[in-house]
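Subject: Handover of a structure and notes on its helices

Dear colleague,

Please find the structure below, together with its sequence. I would be grateful if you could read the notes after it with the model open.

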Amino acid sequence: MATSSTAAPSGPSTPSHSLPEHLTLDDRVGLLRSMLLMRTIEERAMKLYRQGKVPGSFYDGFGQEAVSVGAAWAMAAADRLCVLHRDLGAHLVRGVAPREILSQYMGREAGITHGRDGNIHFGDYRTGCVGMVSMLPDMMLVAAGMAMAFKLRGEQRCALTWFGDGSTSRGDFHEAMNWAGVQNLPVIFVLENNQFAYSTPIHLQFAVNPVERAKAYGFPGMSVDGNDAEAMFEATRAARARALDGRGPTLIEAVTMRMHGHAAHDDMKYVPKALVEEWRKKDPIDRQSARVAAHGVDVDALKAEVREQVEQAAHTALAGAMPDPATAIDRVFHPRDADEILLEDGAAPWSGFTLTPPEGRGSR
Amino acid sequence: MTAAPTLTYLQAISDGLRSEMRDDERVLLMGEDIGVFGGAFKVTEGFIEEFGIDRVMDTPLAEAGIVGTAVGAAVVGMRPVCEMQFADFVSCGFDQIINVAGKMLYRQGLPVNITVRLPSGGGFSGGPFHSQNPEAWFMHSPGLKVVAPSTAEDAKGMIIASIRDPNPVIYMEHKHLYRRVKGEVPEGSYETPFAARVAREGTELVVITYGAMVHTALEATEDLDGASVMVLDLRTLKPLDEQAILSAVRACSKVVIVDEANQTCAAGAQVAALVAEHAFEDLDGPVVRVATPDVPIPFSPLLEQAVLPSVDRVREACSQLLEY
């Protein structure tokens, strides 16, 4: 049931504003809150970068907040996620604290990687997330492997990973799509099509939109408005239900736009200004704000609360120590006699899990 | 452990895998043609009948896929053992080993318990793509252990230890040893430590080597006009057993290092550097290396024999150094 491509830079059409079947008002506010938190943290981090407090470069997901927040909202505590570099919202939904994230950006000891890796190259195993590597889309295979284990053990669980338009050109995309199709795995592949891989536009990346390829691997692909958190949630919820029902993988193309440069140093002069302005009108936070405001939610108060939370987090993070240089060579190998460490369950705030018990894990 | 039957090196690997699969339901074998066919070298022959298609998984022809999915399965509680059909093919899965598996613990505190089996080595007219010894590729990359047993007993004990080790382990199994090397292999489950082993005691010269070259070294130095030659079998290349190497050098004062791998930056180069750095005062002669020159492994038998270290080359190197 692959739908026609909507990856043209003109973007998707505006979705229906009818009340979604699977979301309460609390969910809708929760989606907004997570997106606000992501944007506010990244804006604060960019300021820290410009002040010289963030080493290396800095990557953000401005304008793409709905892609990670919406998809992560549909995932259960026992599900597992491989998170990409413009998907901070997924970490927030799974329960990573803003101060840990800001510490991470600044290379502090209190960051998720304790200064061992930079910016958003992290995954907090305590939240069921594996961080990306820079070789894209390597994590598609890791997610497929998680799903393979779930299926082998007969567990009602699902894996999800995000990857970008550029990474669909690499062989790991093919290997993961094929593997998942052959083994009919409970995995969700979210293609984050933000129109540019660094400076390369999608028309130089592929002749046929990758969402069309899903059918050739034996499972459905669909294009979703990636600037609509509720549409992302709903597509992911349906894909997850499908996976748990034994019907295999789904490819979701989240059609969105990279509104900032590839990283802080990139002025993005290769992107037509008109295109950016056109997408600015589709801002995912503005859209979700309008929805909940219509239900009487005080969005300004919510924004102020989030700003205060992030300021406090920045204050704490800035006061934190840098890592001890003497630890730089530690923890290359895990000791044989140490406790086994595996991915743990993360937060799963969707009302579908909190109001009714989630699908339990099957026993082996 | 009860009576010790005689097994080939290949049978010993199978025995270790089977033992660990019976003991631990988390152990899962993945590879190309390992199921119904039993593997290109028959290491997993009969496994699919005992353990089923889920745990003896015939995968697509995709080495990055094998390693990458193994990593995913490992971090949610499985203990995958990946077979590269030939060690050479691991180049197609290199990125997943180096960048995903090798760095996960350091970056994120998440150990990756996978074992990757690499049937390696030449001597069979396998040509440039079925004869390589790529262990140094992995020694150079942080976060990976690299082991290379030379005997049947160690082959079993080290495959079990590799599976139980919580880190990614590259298990080098030399094809030349599969059916040529036999030995008593204890029944039941046991681990061989990741440490060097003295294959033969000696006092005048030590040959430091690993894998198939242990047997070449033993044969080459069996009768060197009565000279007392030690052979040190490294068994583990990362981490190197530095104490055992330095002790052997101090005991013998003359060192020949043999690699079947291409010479530049081979495991033996690291051994030579270690000796130069920490045992210079103990040496009574230059460190001598015997290795394959930096060429692809040629196909035609005479060409291949011209590049791989032979018994004669090792004997000649030892004789010259003894006379130094």
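The notes below cover selected helices and the contact between chains.

This is a predicted model, in which local features need pLDDT of at least 70 and side-chain atom pairs count only at pLDDT 80 or more, while totals for chains, interfaces and linings use all residues. Residues are numbered from 1 along each chain as its sequence is written, and chains are lettered from A and ligands numbered from 1 in the order in which they are written.

Helices (H or I, at least four residues) and strands (E, at least two) are DSSP runs numbered from the N terminus.

Helix α11 of chain A covers residues 299–319, and its end C-alpha atoms are 30 Å apart, in agreement with the 30 Å expected for 21 residues (1.5 Å times one less than the number of residues). Its buried residues are A:Val306, A:Val310, A:Ala313, A:Ala314 and A:Ala317; buried means 20 or more other C-beta atoms within 10 Å of the residue's own, exposed means 12 or fewer, and C-beta atoms are placed from the backbone. These residues cover an arc of only 100° around the axis, so they lie on the same side of α11(A), the arc being that of the directions from the helix axis to the C-beta atoms. The exposed residues on the other side of α11(A) include A:Asp300, A:Glu308 and A:His315. The buried residues pack against α1 (25–50) and α4 (98–105) of chain A.

Helix α5 of chain A (residues 138–152) has 13 of its 15 residues buried, so it is largely enclosed by the rest of the structure. Just after α5(A), A:Gly154 takes a positive phi of about 70°.

Between the chains, 37 residues of chain A are in contact with 31 residues of chain B (contact: C-beta atoms, placed from the backbone, within 7 Å). The largest share of the side of chain A that touches chain B, 10 residues, comes from α5(A).

In chain B, helix α1 (residues 9–23) and helix α6 (residues 152–164) pack at an angle of about 30°, with their axes 8 Å apart; axes are lines fitted to C-alpha atoms, for helices over the stretch in contact, and angles run from 0 to 180 degrees between N-to-C directions. α1(B) is therefore roughly parallel to α6(B), a term for angles under 35 degrees. Among the residues that make this contact are B:Tyr9 and B:Ile13 of α1(B), and B:Ile159 and B:Ile163 of α6(B).

Yours sincerely

Key
Two residues are in contact if their C-beta atoms, placed from the backbone, lie within 7 Å. Angles under 35 degrees count as roughly parallel, over 145 as roughly antiparallel, 65 to 115 as roughly perpendicular and the rest as oblique.
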